[in-house]
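Open your viewer and get ready to click along. We will go from one selection to the next, and at each stop you will read what is there.

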2 protein chains.
Amino acid sequence: MEKIKCDCTVIHEEIVNKVKEFMPAEDTLTGLAELFKVFGDTTRIKILWALSESEMCVCDLAFLLNMTQSAISHQLRLLKQSRLVKNRKEGKVVFYSLADEHVKLIFKQALTHVLE
Amino acid sequence: MEKIKCDCTVIHEEIVNKVKEFMPAEDTLTGLAELFKVFGDTTRIKILWALSESEMCVCDLAFLLNMTQSAISHQLRLLKQSRLVKNRKEGKVVFYSLADEHVKLIFKQALTHVLE
DNA sequence: TGAATAGTTGAATACCTATTCATATATTAA
DNA sequence: TTAATATATGAATAGGTATTCAACTATTCA
């Protein structure tokens, strides 16, 4: 354990206080992190990307990603809880699709960083 | 374990193949997930947000986020490895700042989803 | 030189989470 | 009703990771 306030922070106090003042609410930042956490998994990224091309059922995704249907289903539940995908039922088949256009826009922005 | 190719995927074969064809390279998708993983932590989000306001030294960040300087240092190393922050040394003090403008743009995009 | 400050780092711990496995539900068709 | 298919889900496991703790380095200054 150590003390929090260094000498240099005292010197920088004005800047630090100004930054603190403009920081978004704790909830907002936590929410941001939670959203990015959902994007931060290869399986979910692939699912989201696939759904950005076309709506698909669970076993389509399982086949496409070469994974068990169970694993896909678990991830889809997570994605739905985060309001990133929605679904509709047609007989025994459940089709999933993107909830809105945000996903594509976030992808686009992030790709510019990755592809450099 | 279970078989991968369901009957309904046979029916949807055309769509599934088309989606597969347009999927980005494995490396690209993994890279995307890795980037989002870095954003997917409250501490790192706060650090990045703070640095989007002003460059700061390690102990400034520790004071601002009320965390040990060691914890902050560990996270800064991660952020630097991901090319999201850069640093400069001035005597004993190391100042960190955002590596480029991508961070702000990605934040902005994601916020529109969180704040709805 | 020695003391103090700023920062880094490796190991340990405690928590989280992605996948698997087994099972359950829902729908359709025979 | 029974059998088959599509999906969902709870528990267990294995792998990952954020923070802490205890050193350690680098720099300044007295």
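Select DNA strand C, together with the residues around it: there are 30 of them, and the closest are Thr43(A), Gln75(A), Gln69(B), Ser70(B) and Tyr96(B). Of the strand C atoms that come within 4 Å of the protein, 65% belong to sugar and phosphate. Keep in mind as you look that this is a predicted model.

Now zoom in on Ser70(B). An N or O atom in its side chain is 2.7 Å from a base oxygen of DNA strand C. Move on to Tyr96(B), where a side-chain N or O atom lies 2.6 Å from a phosphate oxygen of DNA strand C. Then pick Val94(B): here a polar backbone atom is 3.2 Å from a phosphate oxygen of DNA strand C.

Which helices and strands should you colour for the surface near DNA strand C? In chain A, choose helix H1 (7–11), helix H4 (42–53) and H6; in chain B, choose helix H5 (58–65), H6 and strand S3 (93–98). Each of these supplies at least two residues of that surface. If you colour the surface residues by type, you will find 12 nonpolar, 10 polar and eight charged.

Next, select DNA strand D. It has 30 residues around it, and Gln69(A), Ser70(A), Tyr96(A), Thr43(B) and Ser70(B) come nearest. Sugar and phosphate make up 65% of the strand D atoms within 4 Å of the protein.

Three stops are worth a click here. At Gln75(B), a polar side-chain atom lies 2.8 Å from a phosphate oxygen of DNA strand D. At His74(B), a polar side-chain atom is 3.1 Å from a base oxygen of DNA strand D. At Lys92(A), look at the backbone: an N or O atom there lies 3.5 Å from a sugar or linking oxygen of DNA strand D.

For the surface near DNA strand D, colour helix H5 (58–65), helix H6 (69–81) and strand S3 (93–98) of chain A, then helix H1 (7–11), helix H4 (42–53) and helix H6 (69–81) of chain B. At least two residues of this surface come from each of them. By type, the surface residues are 12 nonpolar, 10 polar and eight charged.

For the last stop, find His102(B) in helix H7 (residues 102–114) of chain B. Is His102(B) buried or exposed? His102(B) counts as buried because its relative accessible area is 12%, under the 20% cut-off. Show its surroundings as well: beyond its neighbours within four places in sequence, His102(B) is in contact with Thr112(A), His113(A) and Glu116(A).

Notes. Residues numbered from 1 in each chain as written. Chains lettered and ligands numbered in written order. Predicted model: local features only at pLDDT ≥ 70, side-chain atom pairs only at ≥ 80, totals over all residues. Heavy atoms only, no water. Near = heavy atom within 4 Å. Polar contact = N/O pair within 3.5 Å; in protein donor to acceptor, adjacent residues only side chain to side chain. Helix = DSSP H or I, 4+ residues; strand = E, 2+ residues; numbered from the N terminus. Nonpolar A, V, L, I, M, F, W, Y, C, P; charged D, E, K, R; others polar. Buried < 20%, exposed > 50% of the residue type's maximum accessible area, 1.4 Å probe, protein only. Contact = heavy atoms within 4.5 Å.
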